[in-house]
Structure formats: C-alpha cells, structure tokens
Amino acid sequence: MKKIFEVGNLKSNGHYALATVHQNTVYISGQFAVNPETCEKEFGPIEEETLQALKNVEMIVEEAGSTKEQILRLTIYIPDVKLWDKVDAVYKAFFGEHKPARTVVPTKELHFGFKVEIDAIAYI
C-alpha cells in the first residue's frame with residue numbers, strides 16, 4: 001500500500017493522505033478548489049470551484065499512475081441541490097465521453113465555505 005501526501009504544492013492539511021493506492025486502485029480524499037501552485041483556497045462561482053476540484057483530482061490520479069479516463073467513481077458534495085445543473089455541466093465538459101459512476105450529495109454547508117468537494121476512486 002502506498003500513501004500520497006503531496007502532489008506539487010497540494011498537501012493534506014490534516015490527519016489523512018491525499019490518496020491511498022492499494023493494489024491497482026487509488027482512493028482520493030475530498031478535494032476543494034485549492035490552487036495547486038500556491039495552495040491558496042479559491043472561492044468563486046460553483047462552476048469555477050468544480051473545475052478546480054476536478055483538476056486537483058486529476059493531478060492526484062496522475063501522480064498515482066492513472067488518468068482521468070480511469071476514474072471509476074466520484075462523490076460530489078454541494079451545499080444546495082439547486083446547484084446540481086451547474087456542477088453537472090462542468091462535470092460533463094471535463095469528462096467528455098467518459099462517464100464514471102457518480103453520486104451527488106447535497107449538504108447544508110462544506111468546510112471553509114467551499115461550494116463543492118469531490119472525492120474519487122480510480123483504476124491504475
């Protein structure tokens with residue numbers, strides 16, 4: 001088993017790994033819209049936050065030796081079900097023809113005031 005704690009300037013900021021690789025699978029912890037170069041939180045419209053969180057997931061997947069086309073499943077947390085369509089449009093553009101399994105979970109609020117958090121599982 002391998003743990004990934006840092007990818008570029010993205011780092012785990014608590015008692016967790018960014019990802020855990022076990023056999024041929026990578027499990028990615030929830031990602032927010034954090035700039036991977038500066039490690040700064042980037043708050044903005046949900047579309048921008050969704051795209052950055054997806055890019056961060058992709059960076060971690062690549063660090064583990066996989067690609068976004070090998071993502072099997074994602075869980076997307078949003079603070080309001082009314083935002084679903086906006087998130088779905090960004091998700092569709094990001095993945096194109098690839099359609100991983102997915103769950104969207106509306107919650108009351110997310111940590112730090114972010115509008116989206118995304119975790120994932122990918123095959124290596």
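Reader: Which residues does Thr-25 touch, not counting residues up to four places away in sequence?
Author: This is a predicted model. Thr-25 sits in strand β5, residues 25–31. Leaving out residues up to four places away in sequence, the residues that Thr-25 touches are Thr-20, Ile-121, Ala-122 and Ile-124.

Reader: Is Thr-25 buried or exposed?
Author: Buried means under 20% relative accessible area. The relative accessibility of Thr-25 is 17%, so Thr-25 counts as buried.

Reader: Thr-25 touches Thr-20. Where is Thr-20, and which residues does Thr-20 touch?
Author: Thr-20 belongs to strand β4, residues 19–22. Thr-20 is buried, at a relative accessible area of 17%. Setting aside residues up to four places away in sequence, Thr-20 touches Met-1, Lys-2, Lys-3, Thr-25, Val-26 and Tyr-27.

Reader: What is the relative accessible area of Leu-18?
Author: Leu-18 is in the loop between β3 (10–11) and β4. Among the contacts of Leu-18 beyond four places in sequence are Ile-4, Phe-5, Tyr-27, Ile-28 and Ile-60. Leu-18 is buried, and its relative accessible area is 2%.

Reader: How many Å separate the C-alpha atoms of Leu-18 and Ala-64?
Author: Along the chain, Leu-18 and Ala-64 are 46 residues apart. In space, their C-alpha atoms are separated by 10 Å.

Reader: Is Ile-118 buried or exposed?
Author: Ile-118 lies in strand β8. Its contacts beyond four places in sequence include Ser-29, Thr-50, Leu-54, Leu-74 and Ile-76. The relative accessibility of Ile-118 is 0%, so Ile-118 counts as buried.

Reader: What separation do the C-alpha atoms of Ile-118 and Ile-28 have?
Author: Ile-118 and Ile-28 are 90 residues apart along the chain. Their C-alpha atoms are separated by 8.8 Å.

Reader: Now the helices. What does α1 reach from its first C-alpha to its last?
Author: Helix α1 covers residues 46–63. It has 18 residues. At 1.5 Å a residue, 26 Å is expected, and α1 comes close to that, reaching 26 Å.

Reader: Which residues of α1 are buried?
Author: Under 20% relative accessible area is the cut-off for buried. The buried residues of α1 are Ile-46, Glu-49, Thr-50, Gln-52, Ala-53, Leu-54, Asn-56, Val-57, Glu-58, Ile-60 and Val-61.

Reader: What does α2 reach from its first C-alpha to its last?
Author: Helix α2 spans residues 84–95, which gives 12 residues. The expected value at 1.5 Å a residue is 16 Å. Helix α2 is close to it, reaching 16 Å.

Reader: Why are the buried residues of α2 on the same side?
Author: The buried residues of α2 are Val-87, Val-90, Tyr-91, Phe-94 and Phe-95. An α-helix has 3.6 residues a turn, so residues three or four places apart point the same way. The buried residues of α2 lie on the same side because the arc they cover around the axis is only 120 degrees.

Reader: Which exposed residues does the face of α2 turned away from its buried side carry?
Author: The buried residues of α2 pack against α1 (46–63), β6 (71–78) and β7 (101–106). The face turned away from that buried side carries the exposed residues Asp-85, Lys-92 and Ala-93.

Reader: Are α1 and α2 parallel, perpendicular or oblique to each other?
Author: The axes of α1 and α2 are 9 Å apart, and the helices pack at an angle of about 40 degrees. Angles under 35 degrees count as roughly parallel, and roughly perpendicular runs from 65 to 115. So α1 and α2 are oblique to each other.

Reader: Which residues of α2 make the contact with α1?
Author: The crossing of the two helices is right-handed. From α1 the contact includes Ile-46, Thr-50, Leu-51 and Leu-54. From α2 it is made by Lys-86, Val-87, Val-90, Tyr-91, Phe-94 and Phe-95.

Reader: Which residue with positive phi follows α2?
Author: Helix α1 is followed by Gly-65, with a positive phi near 100 degrees. After α2, phi is positive and near 60 degrees at Gly-96.

Reader: Phi of Cys-39 is positive. Is Cys-39 buried or partly exposed?
Author: Cys-39 is in the loop between β5 and α1. Its phi is near 65 degrees, and it is a residue other than glycine. With a relative accessible area of 29%, Cys-39 is partly exposed.

Technical notes: Residues are numbered from 1 along each chain as its sequence is written. This is a predicted model: local features need pLDDT of at least 70, side-chain atom pairs count only at pLDDT 80 or more; totals for chains, interfaces and linings use all residues. Side-chain values use heavy atoms; hydrogens and water are left out. Helices (H or I, at least four residues) and strands (E, at least two) are DSSP runs, numbered from the N terminus. The expected span of a helix is 1.5 Å times one less than its number of residues. Buried means under 20% relative accessible area, exposed over 50%, partly exposed in between (1.4 Å probe, protein chains only). The arc is that of the directions from the helix axis to the C-beta atoms. Contact means heavy atoms within 4.5 Å. Axes are lines fitted to C-alpha atoms, for helices over the stretch in contact, and angles run from 0 to 180 degrees between N-to-C directions. Angles under 35 degrees count as roughly parallel, over 145 as roughly antiparallel, 65 to 115 as roughly perpendicular and the rest as oblique. A crossing is left-handed if the near helix is turned anticlockwise from the far one by less than a right angle, and right-handed if clockwise.
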